[in-house]
Amino acid sequence: HYFIQSNLRMAVSMETDLTAEGSCRTTFRLLVPANSAGSIIGQKGEFIKKIRMSCQNEAYLRVPEIPHSSERLVLISCDLSDVPSVIKQLCRPIFKALREDILIPEDHQNEVLLLVHSQQAGYLVGKGGEKLKDLRVDTGCKRFKIYKDRLPYSEERVCEISGEEDSVATAAQMALEILAQNPVDHDHLNYSPLPDAVMERGDFGGYARFAVQQDLRQQLSSSNYPDDLRNSRLSVGSRADIQRSTTSRHDEPMRSSRRDKNTVDRDRSPIRGSGVSSKDIYIDDCYTRHVIGSKGSQIEKIRNRSGANVQVADDASVQNKERKITITGRQSDIDFALRLINESIALRINIEKRNNGVSENESAEQFDYVNELFDRISSVVPFEDIKNNDRAVIEDEMTISDNDTSTVIGPRGIRIKDMRQYTKCEIHVQQDKDVTAGRRKITFRGNAKQVHRAMYMIRNIGQVMR
């Protein structure tokens with residue numbers, strides 16, 4: 001009841017007003033994947049501030065906190081003329097988050113979801129869908145679709161716009177212009193994302209459905225449905241098959257336990273219920289960071305989605321460069337957790353290949369691409385890697401304004417330590433007594449890729465951190 005009552009808030013999600021300068025201002029909402037929220041906000045809200053300042057009349061953006069859900073809302077108020085700029089800047093973190101989520105099918109990796117009141121949907125569809133077709137053709141979008149069902153406990157529907165950033169931005173502006181000419185004539189129930197555990201099923205779009213359908217798929221796979229019936233229940237695509245198409249040792253980075261004693265006494269198990277058991281697997285230690293994720297985000301996601309208790313052994317227990325992972329729960333939960341772990345590893349390997357452009361053996365030894373600081377910087381200043389794979393040690397140097405020293409070093413040296421650990425490059429900051437003319441020298445020592453990445457981070461860190 002709490003979640004239902006929390007959504008019973010009366011508001012108008014699509015509003016238009018004339019500003020003092022005579023321009024048309026619109027207020028609208030986007031539905032985005034939860035894992036994109038951090039990138040949209042940016043460190044201390046820097047990315048949102050950047051979007052606001054890029055508009056002719058300052059825009060308003062807010063990303064409310066939504067617990068235990070695969071979806072978040074972005075509330076936006078700006079001039080209609082600024083809509084393409086705002087949407088295009090938001091496409092980068094949204095598209096990146098969709099590509100990195102293992103549950104999102106490939107045909108949903110480049111899309112923006114606009115929330116539209118059901119009363120206004122007809123103006124976008126047109127007679128026989130002609131308006132939708134015209135919008136799709138005129139903007140060059142791959143897909144322009146309005147889902148037929150309302151979102152749970154609301155009067156809103158999802159308008160899905162898919163394609164390249166420019167096409168999506170233009171289509172969103174044209175859609176908002178149509179909606180501005182046909183405003184809602186009454187207050188209505190806004191949609192607020194629900195926790196995945198209580199999400200209903202229906203043809204209303206959004207991202208929580210993929211988590212719900214994955215859970216349903218797992219339940220069907222562990223039930224007594226015939227194979228043909230089980231496979232016909234769900235049609236959502238999966239990227240697991242593509243992600244598993246790595247070669248040699250990457251095909252199966254996990255091995256079954258060397259022990260035969262997998263059964264755990266029910267009373268001693270941390271998970272209550274019948275049929276509880278435990279399974280130990282061993283993975284190459286270089287893959288551990290892919291399973292854990294940034295600040296434990298990935299392993300927490302695996303636990304929540306599988307329902308199993310997943311524990312990673314500490315560093316002291318690593319033997320022969322192998323680390324033990326213990327999974328406890330019902331057999332169906334264990335199997336689901338194993339699948340998510342495998343997919344997490346395969347996904348990160350493929351990302352490293354695309355970013356690094358080196359052989360498989362080299363990719364695991366290079367950089368941890370879940371580094372939060374690097375992701376923040378690259379979301380503002382695009383990173384271009386070099387193709388020099390020479391491992392020979394080189395030295396280089398650069399100077400920064402002495403005023404930027406505290407930004408580079410961070411509180412108690414946390415940022416410079418993070419950059420050293422991530423890039424595997426030796427970074428030395430000139431001492432205070434040697435600083436001249438307000439410029440401080442920073443020296444680098446490592447191979448070409450390490451030095452290039454470290455210099456890129458220090459050169460641009462001031463744009464996202466202060």
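## Lys44 and Ala437: positive phi in loops

At 56% relative accessibility, Lys44 counts as exposed, because the cut-off for that class is a relative accessible area over 50%. In this predicted model, Lys44 sits in the loop that lies between helix H2 (37-41) and helix H3 (46-54), and its phi is positive, at about 55 degrees, although Lys44 is not a glycine.

Ala437 is another residue other than glycine with a positive phi, in this case near 55 degrees. The loop that holds Ala437 is the one between S15 and S16, and with a relative accessibility of 79% Ala437 counts as exposed.

## The chain as a whole

The protein chain is made up of 466 residues, of which 50% count as buried, and its secondary structure comprises 18 helices and 16 strands. Among the contacts in the protein chain with a separation of 6 or more, 72% are accounted for by residues that lie 24 or more positions apart.

One pair of residues distant in sequence is Glu100 and Ser344, which are 244 residues apart along the chain but have C-alpha atoms separated by 9.5 Å. Glu100 belongs to helix H4 (residues 83-100) and, with a relative accessible area of 29%, is partly exposed.

## Strand S8 and its two partners

Strand S8 covers residues 156-162 and is mostly covered, with 7 of its 7 residues buried. The side chains of Glu156, Val158, Glu160 and Ser162 point one way from S8, whereas those of Arg157, Cys159 and Ile161 point the other way, and the residues of both groups are buried.

Strands of a sheet pair through backbone hydrogen bonds, and the pairing may be parallel or antiparallel. S8 runs antiparallel to strand S6 (residues 111-117), to which it is joined by 7 bridges, and it also pairs in the antiparallel sense with strand S7 (residues 143-146), over 4 bridges. Ile161 of S8 appears in both pairings, since Val112 stands opposite Ile161 and Phe144 likewise stands opposite Ile161.

## The sheet S14-S16-S15

Further along the chain, an open sheet of 3 strands is arranged in the order S14-S16-S15, and its pairing is antiparallel. Its edge strands are strand S14 (394-401) and strand S15 (426-429), each of which pairs on one side only, and from one strand to the next the twist averages 20 degrees.

The pairing of S14 with strand S16 (residues 439-446) is antiparallel and extends over 8 bridges. One of the residues in this pairing is Ser401, whose bridge partner in S16 is Arg439. The loop between S15 and S16 is the one that contains Ala437, described above.

## Helix H18 against H15

Helix H18 (residues 448-460) packs with helix H15 (residues 372-380) at an angle of about 65 degrees, and the axes of the two helices are 10 Å apart. H15 and H18 are therefore roughly perpendicular to each other, and their crossing is left-handed.

On the H15 side the residues that meet H18 are Leu373, Phe374, Ile377 and Ser378, and on the H18 side they are Arg453, Tyr456, Met457 and Asn460. By class, the residues of this contact divide into 5 nonpolar, 2 polar and 1 charged.

## Helix H18 against H17

H18 also meets helix H17 (residues 414-423), and here the axes come within 10 Å and cross at roughly 155 degrees. That angle makes H17 roughly antiparallel to H18, because angles over 145 degrees fall in that class. The crossing in which H17 passes H18 is right-handed.

Ile416, Met419, Tyr422 and Thr423 of H17 make this contact with Gln450, Arg453, Ala454, Met457 and Ile458 of H18. The contact of H17 with H18 has 6 nonpolar, 2 polar and 1 charged residues. Arg453 and Met457 of H18 take part in the contact with H15 and also in the contact with H17.

Definitions and conventions. Residues are numbered from 1 along each chain as its sequence is written. This is a predicted model: local features need pLDDT of at least 70, side-chain atom pairs count only at pLDDT 80 or more; totals for chains, interfaces and linings use all residues. Side-chain values use heavy atoms; hydrogens and water are left out. Buried means under 20% relative accessible area, exposed over 50%, partly exposed in between (1.4 Å probe, protein chains only). Two strands pair if DSSP finds at least two bridges between them. Axes are lines fitted to C-alpha atoms, for helices over the stretch in contact, and angles run from 0 to 180 degrees between N-to-C directions. Angles under 35 degrees count as roughly parallel, over 145 as roughly antiparallel, 65 to 115 as roughly perpendicular and the rest as oblique. A crossing is left-handed if the near helix is turned anticlockwise from the far one by less than a right angle, and right-handed if clockwise. Contact means heavy atoms within 4.5 Å. Ala, Val, Leu, Ile, Met, Phe, Trp, Tyr, Cys and Pro count as nonpolar, Asp, Glu, Lys and Arg as charged, and the others, Gly among them, as polar.
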